[in-house]
Structures are given as C-alpha cells and as structure tokens.
Amino acid sequence: MPAFPIEEIYSLNSADDITHRSGYEYPVSTKKSNFVRILAVYSLNKSSINCGVSDCLEEHQKGYLVLTPNEQETCLCQACGKRFFAADFDEQQNDFVEQNRIRKQKSRLNNLLEQTGNIKEKIDFIKKQPHGANWLYKSLTHFKQAYPSELIRALKTLAANNEENRVLATLIESEADSSNIEAVRQLQGLSIFISDIREELIGKILMPLVELEKIAASPDETPSLARFGKLTDHWQSQLEKAEILVREGQAFFHIDNIARLKSIPLSKENSRKVKSLHWNCDKGDIK
Ligand SMILES: [Zn+2]
C-alpha cells in the first residue's frame with residue numbers, strides 16, 4: 001500500500017524533551033565536522049538548556065537540535081548555529097514550522113491511505129446496491145430525456161427554494177385545486193436536481209483518492225498536498241452525503257412521487273405529456 005515516508009515530527013517544548021532523547025550527547029568537542037545538519041528548532045518557554053559545543057556551553061532557550069556523526073544529537077545555541085551552519089534563527093524557525101506542518105499533513109494522508117480499500121468498498125456498495133448510485137444516475141439521465149425540459153426546470157426551481165417558490169406561486173395564483181398545491185408541496189427527493197451523484201461520489205471522493213494513491217506511490221515528486229485536506233477531513237461526511245442523495249433518488253422515483261409530477265403547472269402540451277408517461281422505477285426509464 002502506498003504511503004508517504006515521514007521524517008520525525010519534533011515536539012521540543014522543554015529541556016527534558018531534548019536531553020531525554022535517546023541519542024542525546026553532551027558536550028561535543030568543537031569541530032565543524034561534529035555537527036552534520038540541523039534537525040529541529042526549539043524555543044523553550046520555562047526551561048533553558050546548555051549549548052552542546054564544548055567551548056561554548058551557553059545557557060539558552062532558543063536554539064537548534066543538530067545531528068552529530070554516528071546518528072547522535074546535541075543542541076546548539078543561536079551563536080553556534082551561526083558559527084557552524086551560518087543559520088539565522090527566524091529563517092530556520094519558519095522552515096521548521098513549515099516542515100512540521102507538511103509532516104503532519106503527510107501523516108494524516110497516510111492514515112487516509114490505510115483506509116482506501118475500505119472507502120473504495122463503500123463507494124462500490126453505494127454504486128451497485130439495488131436502487132443505488134448507478135441506478136440513480138441512469139434513472140435521472142433517462143428521466144431528463146423522457147420528460148419535458150419545462151418540468152425539469154420547475155423541479156430545479158422547487159429544489160432550490162422550497163419555501164417561497166415560483167412553481168407554487170403559479171399554482172396558487174391560478175387558484176389551482178388545493179390537492180395540486182398539496183401534491184407539489186409533498187414532492188420528495190428534489191435535491192437530485194441540484195446535486196450530481198456522480199460528482200458527489202466519484203468526483204469528490206474516488207478521483208482524489210486515486211490521485212493521492214498515485215502521488216504516494218511516487219513520493220520523489222512533491223506536489224502540493226493541500227488540495228487533499230478536504231478529503232482527509234470530510235470523506236466520511238462526503239460518503240454520507242452521497243448516501244443521502246441516493247435515498248433522495250429512491251424517494252423521487254417512487255411511484256407515488258412520480259404521480260405528484262402531474263400537479264406541477266406546465267404548458268398544456270407538456271402537462272399532457274407528463275400525464276401520458278409511465279415511469280418504471282426498477283428499470284429507471286419510462287415503460
Ligand atoms: Zn553555543
């Protein structure tokens with residue numbers, strides 16, 4: 001399973017956090033080759049620590065955790081950071097904060113990657129279950145082909161604002177039969193006309209997930225991972241949204257609900273057409 005390699009996420013808030021690290025070495029003799037690379041930057045609040053360079057040992061609060069030969073570590077005060085690495089504290093701190101942020105982000109993405117099999121199974125189930133997402137997509141496509149576009153527009157209007165609504169207003173103004181007004185008010189599942197099941201399920205979950213897997217499989221490339229933030233935080237609610245949309249579709253294409261469409265005010269010709277059509281829910285098409 002692909003995963004992003006992650007270097008350590010450092011959390012150095014006290015002198016103990018540094019001196020208790022397993023490879024901590026103190027002091028280290030003053031020789032440039034004894035300080036290999038800056039691993040982390042710290043800014044201690046309540047405690048202070050001594051510089052690990054044997055000719056300095058300066059007590060300080062802001063400094064650098066550095067790698068020494070043989071994978072050991074020690075700490076450097078700001079002056080020694082400048083001496084051995086020409087390091088500027090503010091710059092190093094900004095870099096370090098950014099590195100830690102990216103490492104945390106990768107860690108969250110790795111958690112998500114561990115669940116991809118599970119998520120894909122759920123998507124597959126939502127798609128293929130009887131009267132599931134595949135059925136909804138097919139039904140809606142056929143519905144839009146078979147029924148007059150005037151009706152589709154009216155349904156979109158009804159879906160967009162269920163309260164003060166042009167379709168209902170027309171009915172009321174025309175002093176329509178109160179049973180017609182009631183039927184239109186009772187229409188179910190209209191959100192399928194404003195949310196696209198394919199976009200909600202495939203476009204917003206499966207496609208970014210597959211893309212993430214691809215990127216994690218070739219971690220040498222380092223594209224921005226920010227766009228996956230939404231996926232890590234919201235994939236569960238996004239799956240729920242798709243499930244709700246499928247249930248909305250089931251409610252819309254229910255035989256009793258399709259019967260209510262006859263109450264929507266349309267031109268005479270379109271009204272006649274709507275009344276003449278017979279919808280087959282299981283087939284997802286007109287009979
Ligand atoms: Zn020092």
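Three alanines and two nonpolar cores

Alanine 160 is partly exposed because 13 other C-beta atoms lie within 10 Å; a residue is buried with 20 or more such atoms within 10 Å of its own C-beta, exposed with 12 or fewer, and partly exposed in between, with C-beta atoms placed from the backbone. This is a predicted model, in which local features need pLDDT of at least 70 and side-chain atom pairs count only at pLDDT 80 or more, while totals for chains, interfaces and linings use all residues. Residues are numbered from 1 along each chain as its sequence is written.

Alanine 160 belongs to helix H6; helices (H or I, at least four residues) and strands (E, at least two) are DSSP runs numbered from the N terminus. Its C-alpha is 25 Å from that of arginine 272, with the two positions 112 residues apart in sequence numbering.

Alanine 40, in strand S1 (residues 37-43), counts as buried because it has 23 C-beta neighbours inside 10 Å. Beyond four places in sequence, alanine 40 is in contact (C-beta atoms, placed from the backbone, within 7 Å) with Tyr10, Leu12, Leu65 and Phe96.

The largest nonpolar core has 39 residues, and Ala133, Leu136 and Ile197 have the most contacts inside it. Such a core is a set of buried Ala, Val, Leu, Ile, Met, Phe, Trp, Tyr and Cys residues joined through C-beta atoms within 7 Å. Helices that each supply at least two residues of this core include H3 (89-114), H5 (133-146) and H9 (197-217). A second, separate core of 20 residues includes Val41, Tyr42, Ile49 and Cys51.

Key:
Two residues are in contact if their C-beta atoms, placed from the backbone, lie within 7 Å.
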